[in-house]
Amino acid sequence: MWGVILTTVWLIAMSVLDIRNRQVPLWMLMVQAVLAAGMLMWGGINGELSIRGICRAFIPGLILVAIALSTKKAGWADGVVLLLLGVQTGYEKCMVAVLMALFIMAALSAVLLVFHKVKKDTRLPFIPFLTMGWVLGLFLTGSVDALRTV
């Protein structure tokens, strides 16, 4: 429960900063990295983690970091945020958030292009869409209902 709440608050704060400043503060990534490490240790102590699960959780973030470094079409901080989200939530929840984010971003981009509000090479911040995908994923997977019962 607390992990979901902390992750949501962190993503909302990162979204505001990403929209406002078009960059992500390194100190916020470091704070979340420490929290993610703590969550990993807690999961390891409780026996809830497997090496395979941890490696799978890194996949979406590593792919985005590789795209960012090789093509410069995405920000490296977006990949780091996705890495941390995967570590904190696991592969399945991370993939739901990413796929929802990409769908929302594509739909909004299409609307903005049709109304000539952006050009085809306009860069949009990814973290706000990731936050929307995360929150929508919580509702669709029933995780919000689980929070109410705790």
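Q: Is Ser70 buried or exposed?
A: The scale comes before the case: buried means under 20% relative accessible area, exposed over 50%, and partly exposed in between, with a 1.4 Å probe and protein chains only. Ser70 has a relative accessible area of 59%, so Ser70 is exposed. This residue lies in helix H3; helices (H or I, at least four residues) and strands (E, at least two) are DSSP runs, numbered from the N terminus. Keep in mind that this is a predicted model, where local features need pLDDT of at least 70 and side-chain atom pairs count only at pLDDT 80 or more, while totals for chains, interfaces and linings use all residues. Residues are numbered from 1 along each chain as its sequence is written, and side-chain values use heavy atoms, with hydrogens and water left out.

Q: How is Thr122 placed relative to Ser70?
A: Ser70 and Thr122 are 52 residues apart along the chain, and their C-alpha atoms are separated by 19 Å. Thr122 belongs to the loop between H5 and H6 and is partly exposed, at 37% relative accessible area. From Thr122 to Thr7, 115 residues apart along the chain, the C-alpha separation is 28 Å.

Q: What is the mean confidence, and which elements have the lowest and highest values?
A: The value to read is pLDDT, the predictor's confidence in each residue, from 0 to 100. The protein averages 86, and 95% of the residues score at least 70. Among the elements, helix H7 (residues 143–149) has the lowest mean, 56, and H5 has the highest, 93. Where pLDDT is low, the predicted coordinates should not be read in detail.

Q: Which residues have the most contacts inside the largest nonpolar core?
A: In soluble globular proteins, nonpolar side chains tend to be buried together. A nonpolar core here is a set of buried Ala, Val, Leu, Ile, Met, Phe, Trp, Tyr and Cys residues joined through side-chain atoms within 4.5 Å. The largest such core has 29 residues, and Trp10, Met14, Leu29, Val81, Leu85 and Leu130 have the most contacts inside it. Two or more residues come from each of H1 (2–21), H2 (26–45), H3 (51–71), H4 (76–89), H5 (91–114) and H6 (127–141). H4 gives the most, with six residues.

Q: Why is H4 described as largely enclosed?
A: Count its buried residues: twelve of the 14 residues of H4 are buried, so the rest of the structure largely encloses this helix. Among them are Ala77, Asp78, Gly79 and Gln88. The buried residues of H4 pack against H1, H2, H3, H5 and H6. For one close-up, take Leu85, whose contacts (heavy atoms within 4.5 Å) include Thr7, Cys94, Leu130 and Trp134, leaving aside residues up to four places away in sequence.

Q: What does a buried polar residue such as Gln32 touch?
A: Gln32, in helix H2, is buried with a relative accessible area of 3%. With residues up to four places away in sequence not counted, Gln32 touches Trp10, Leu84 and Gln88.

Q: At what angle do H1 and H4 pack?
A: Axes are lines fitted to C-alpha atoms, for helices over the stretch in contact, and angles run from 0 to 180 degrees between N-to-C directions. H1 and H4 pack at about 170 degrees, with their axes 12 Å apart. That makes H1 roughly antiparallel to H4, since angles under 35 degrees count as roughly parallel, over 145 as roughly antiparallel, 65 to 115 as roughly perpendicular and the rest as oblique. Thr7, Trp10, Leu11, Met14 and Asp18 of H1 meet Asp78, Val81, Leu84, Leu85, Gln88 and Thr89 of H4.

Q: What spans should H4 and H6 have?
A: The expected span of a helix is 1.5 Å times one less than its number of residues. The 14 residues of H4 should span 20 Å, and its end C-alpha atoms are 20 Å apart, which agrees. For the 15 residues of H6 the expected span is 21 Å and its end C-alpha atoms are 20 Å apart, which also agrees. Buried residues of H6 include Phe129, Leu130 and Trp134.

Q: Where does phi turn positive?
A: Most residues other than glycine have a negative phi. Two glycines follow helices here: Gly90 comes after H4, with phi near 95 degrees, and Gly142 comes after H6, with phi near 85 degrees. Arg22 has a positive phi near 60 degrees without being glycine; Arg22 lies in the loop between H1 and H2 and is exposed at 53%. His116, likewise not glycine, has phi near 55 degrees; His116 sits in the loop between H5 and H6 and is exposed at 70%.
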